[in-house]
Amino acid sequence: MIKILKLKRNYGGEIIKKRALLILRKDKKYDNKSIDELKELAEVLYRPIKSVVQIRKPDPKYQIGSGLVEKLVEIIKEENIEIVIVGNTLTPSQKYNLAKKFKVEVIDKVELVLRIFYKHARTKEAKLQVRLAELQYELPRAREKVRLAKMGEQPGFGGYGDYEVEKYYQKIKKEIATIKRKLEKVKEHRKIARKSREKFDSVGLIGYTNAGKTSLLNILTGEDKESKNQVFTTLTTTTRAIKGIKRKILITDTVGFMDDLPPFMIEAFLSTIEESANSDLILIVVDSSDSIEEIERKLKVNHEILSKINCKSPIITVLNKVDKISEKKKNEIIDKLERYLVNPIFVSARYGENIDLLISKILENLNLSTGTVETCDPKVISYLYENTEIIEDVMEGSTHIITFRAKEKDVNRILKTLRKVKL
């Protein structure tokens, strides 16, 4: 199972991270896999000392070439490497063979992401989702892991040899079923909560991990949700109201996306992703300080995942961290990435730049409608003030002539209801 890290500290209280070697195999020079992204992931838990990229087809025994394996054996000794992280998905036998050669623990990108998830999981739901993702990763590997563990102890395979192969496999299947039942109950509670919020407009924050979604949520809502310059710090949904506007608009932040994650991991977090994707409007948040190639790659991932979950909501592309780029870079992004940019706007969540323009853009793109009623009924007036955006309220004697804005279906419902009763 995924190891929960117990971080060591020195006498000054500083965390001592294990020294890590990063390895990435690419099929060709220009494929999407990124050693910089692997390093960013690794730095959450470890101290990357050296990175190696190899371009070749996967080797069935090691994933990387045997010649490179021999060279890395010496580097691991010379650099006192304590863990090797491979940016490709390893089979149990590849992991076992590498650990046997390197004499240190070997993990792949999926295991690394799961360890980061464990570090950031705070709520019961997040912990259940991480455990489900871990078990779904483990299930197809269970029989081979136990078999390999019985052949001889290798770093990372300790304890598996104590299991009977079939019993271990069935144990995992049983736990997966139990967790899915628990998450289904959580999902039902979320549906009830979502239904109570349906009268309000909803905006979903979607984006590649570490794009600045939580910082954007904070500045739009006036909240102070913890925001770190690390990947996957948000694993559960957070819903708050946008401040400074008359209409109540709810905005939801959830887990960030990442390229090359297996389907089971997306499935495990699907309920939280859908919480944002089912919104009336989607904000795709992008780090504009990335290279043009990185922005393009991450936008592709965002649109692919939204397509997978059949999201049909209108989109605004929020290019965050504009304070870090030049005017020339802004123009270059617009020119080169036009096909991926839907309603683009450059903002800085850190310094509040263009946030007022973003709120205006949100209001423009929500499917809102206006209506006007004449009434002197305090209950009707109170309802409109509590549930709609009041544009104008003109008094003629004791009668209020109220122009309001809300979702089109709500405007139609309110006007239809009021026609049937005496205002």
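Is Glu105 buried or exposed at 8% relative accessibility? Glu105 counts as buried, and its surroundings appear in the second of the legends below, which describe a predicted model.

**Figure 1. Overall architecture of the predicted model.** The protein has 423 residues, 51% of which count as buried. Its secondary structure consists of 15 helices and 15 strands. Of the contacts between residues at least 6 apart in sequence, 70% join residues at least 24 apart. The exposed area is about 21200 Å², and carbon and sulfur atoms supply 48% of this area. The salt bridges number 17, and several of them are described in the views that follow.

**Figure 2. Salt bridge between Glu105 and Arg115.** The two side chains meet with a distance of 2.6 Å from N to O. This pair links distant parts of the chain: Glu105 belongs to strand β6 (residues 105-108) and Arg115 to helix α4 (residues 109-120), with their positions 10 residues apart in the numbering. Glu105 has a relative accessibility of 8% and is therefore buried, as the limit for that class is under 20%. Arg115 is likewise classed as buried, because its relative accessible area is 4%.

**Figure 3. Salt bridge between Asp287 and Lys321.** The side chains of Asp287 and Lys321 meet at 3.2 Å, N to O. Distant parts of the chain are linked by this pair, which is 34 residues apart: Asp287 is in strand β10 (residues 281-287), and Lys321 is in the loop between β11 (315-320) and α12 (327-336). Both residues are buried; for Lys321 the relative accessibility is 15%. The backbone of Lys321 is also notable, with a positive phi of about 65° although the residue is not a glycine. Most residues other than glycine have a negative phi.

**Figure 4. Salt bridge within helix α12.** Glu327 forms a salt bridge with Lys330, and the closest N and O atoms are 3.7 Å apart. Why are Glu327 and Lys330 separated by about one helical turn? The reason is that these residues are 3 apart in helix α12.

**Figure 5. Network of salt bridges.** Six residues are linked here: Glu37, Lys109, Asp290, Glu294, Arg297 and Lys298. The acidic members of the network are Glu37, Asp290 and Glu294, and the basic members are Lys109, Arg297 and Lys298.

**Figure 6. Patch of positive charge on the surface.** Lys61, Lys77, Lys100 and Lys103 gather to form this patch. One of these residues, Lys77, lies in helix α2 (residues 66-78). Lys77 has a relative accessible area of 57% and so counts as exposed, the class that begins over 50%.

**Figure 7. Backbone of Asn80 in the loop between α2 and β5 (83-86).** Asn80 has a phi near 55°, a positive value in a residue other than glycine. With a relative accessibility of 52%, Asn80 counts as exposed. Lys321, shown in Figure 3, also has a positive phi, but Lys321 is buried and is located in the loop between β11 and α12.

How values were computed: Residues numbered from 1 in each chain as written. Predicted model: local features only at pLDDT ≥ 70, side-chain atom pairs only at ≥ 80, totals over all residues. Heavy atoms only, no water. Helix = DSSP H or I, 4+ residues; strand = E, 2+ residues; numbered from the N terminus. Buried < 20%, exposed > 50% of the residue type's maximum accessible area, 1.4 Å probe, protein only. Contact = heavy atoms within 4.5 Å. Areas by Shrake-Rupley, 256 points an atom, 1.4 Å probe, with all protein chains shown as cover. Patch = residues over 30% accessible without salt bridge, like charges linked within 9 Å, V, L, I, M, F, W, Y side chains within 5 Å. Salt bridge = Lys/Arg side-chain N within 4 Å of Asp/Glu carboxyl O. Charge placed at Lys NZ, Arg CZ, Asp CG, Glu CD.
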